[in-house]
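Got your viewer open? Get ready to select a few things, and we'll look at what is there.

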Amino acid sequence: MDEEIAIIDAQSRNEKIKNFFINNKKKIIIIISVIFISIIAYFSYEAFVNNNKIKIAEKYNKAKINFINGDKEIAKNSLMEVIKKKDKTYSILALYFLIDNDLVVNEKDVNQLFDLVINKSGIKKEIKNLVIFKKALFNSDFASENDLIEILNPIINSESIWKSHALYLMAEYFYFKNERQKSKEFFNEILILKNSNLNIKTEAQKRLNRDFSE
């Protein structure tokens with residue numbers, strides 16, 4: 001008796017499942033199609049991104065070869081194109097290569113390239129902060145106090161790992177301008193900062209002991 005009831009229950013369940021698929025066939029087909037198309041789209045996009053990155057890498061490496069061969073103008077134009085691709089890796093490398101090899105020397109042009117990388121490349125937060133610091137470092141020889149602080153504010157007003165570097169740059173900037181009190185304040189701020197870079201903190205202490213001891 002129990003076996004017969006079990007068989008009837010199993011048949012009933014199977015019938016319900018069968019009826020469910022029959023009644024919802026269109027919906028099930030649509031759902032499966034959407035999932036299938038989504039999977040194809042995902043892998044197609046991944047392939048596109050990877051292929052695009054390979055092309056950018058090739059352009060970057062070719063630009064370096066052109067530079068080594070003495071074709072500096074061609075190298076410069078290619079590197080500018082790489083930066084405008086807004087790639088998270090090669091746009092930064094291209095920018096640094098341009099600056100390190102003096103391929104772009106106009107201050108305004110360099111700052112525009114920095115801003116393009118900082119604001120448009122979608123780079124991770126701490127990498128972005130590093131690029132901001134590099135921008136401040138580039139501008140430190142000629143920028144006004146307000147301009148330099150404005151550049152560094154996103155780092156100084158954060159808990160970034162680059163904060164102590166930014167504070168040290170400002171301390172050196174004011175020391176060079178012979179504004180010793182401001183310089184001292186920035187060095188002291190490095191010492192009380194919880195996540196100061198150990199080397200930066202050591203150098204700040206040395207500077208205070210050497211140049212500000214009374």
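At what angle do helix 6 and helix 8 pack? Select residues 163–176 for helix 8, then add helix 6: their axes are 10 Å apart and the angle is about 10°. Helices here are DSSP runs (H or I, at least four residues), numbered from the N terminus. Angles under 35 degrees count as roughly parallel, and helix 6 and helix 8 are therefore roughly parallel to each other. Now show the side chains in the contact (heavy atoms within 4.5 Å): Phe133, Ala136 and Leu137 come from helix 6, and His165, Ala166 and Leu169 from helix 8.

A quick word on the model. It is a predicted one, where local features need pLDDT of at least 70 and side-chain atom pairs count only at pLDDT 80 or more, while totals for chains, interfaces and linings use all residues. Residues are numbered from 1 along each chain as its sequence is written, and side-chain values use heavy atoms, with hydrogens and water left out.

Next stop: the second largest pocket, with a volume of about 190 Å³. Its lining includes Asn111, Lys135 and Asp147. Helix 5 (107–120), helix 6 (125–139) and helix 7 (145–156) each give two or more residues to this lining. Color helix 7, which gives the most, with four residues.

Finally, pick glutamate 185, in helix 9 (residues 180–192). Glutamate 185 is partly exposed, at 45% relative accessible area (buried is under 20%, exposed over 50%, partly exposed in between, using a 1.4 Å probe and protein chains only). From there, jump to phenylalanine 174: the two are 11 residues apart in sequence and 10.0 Å apart in space, C-alpha to C-alpha.

Note on methods. 1 Å grid on protein atoms, 1.4 Å probe; cavity = no way out; pocket = protein on both sides within 12 Å on 5 of 7 lines; lining within 4 Å. Points joined across faces, edges and corners; volume = space filled by probe spheres on them. Axes fitted to C-alpha atoms, helices over the stretch in contact; angles between N-to-C directions. Parallel < 35°, antiparallel > 145°, perpendicular 65-115°, else oblique.
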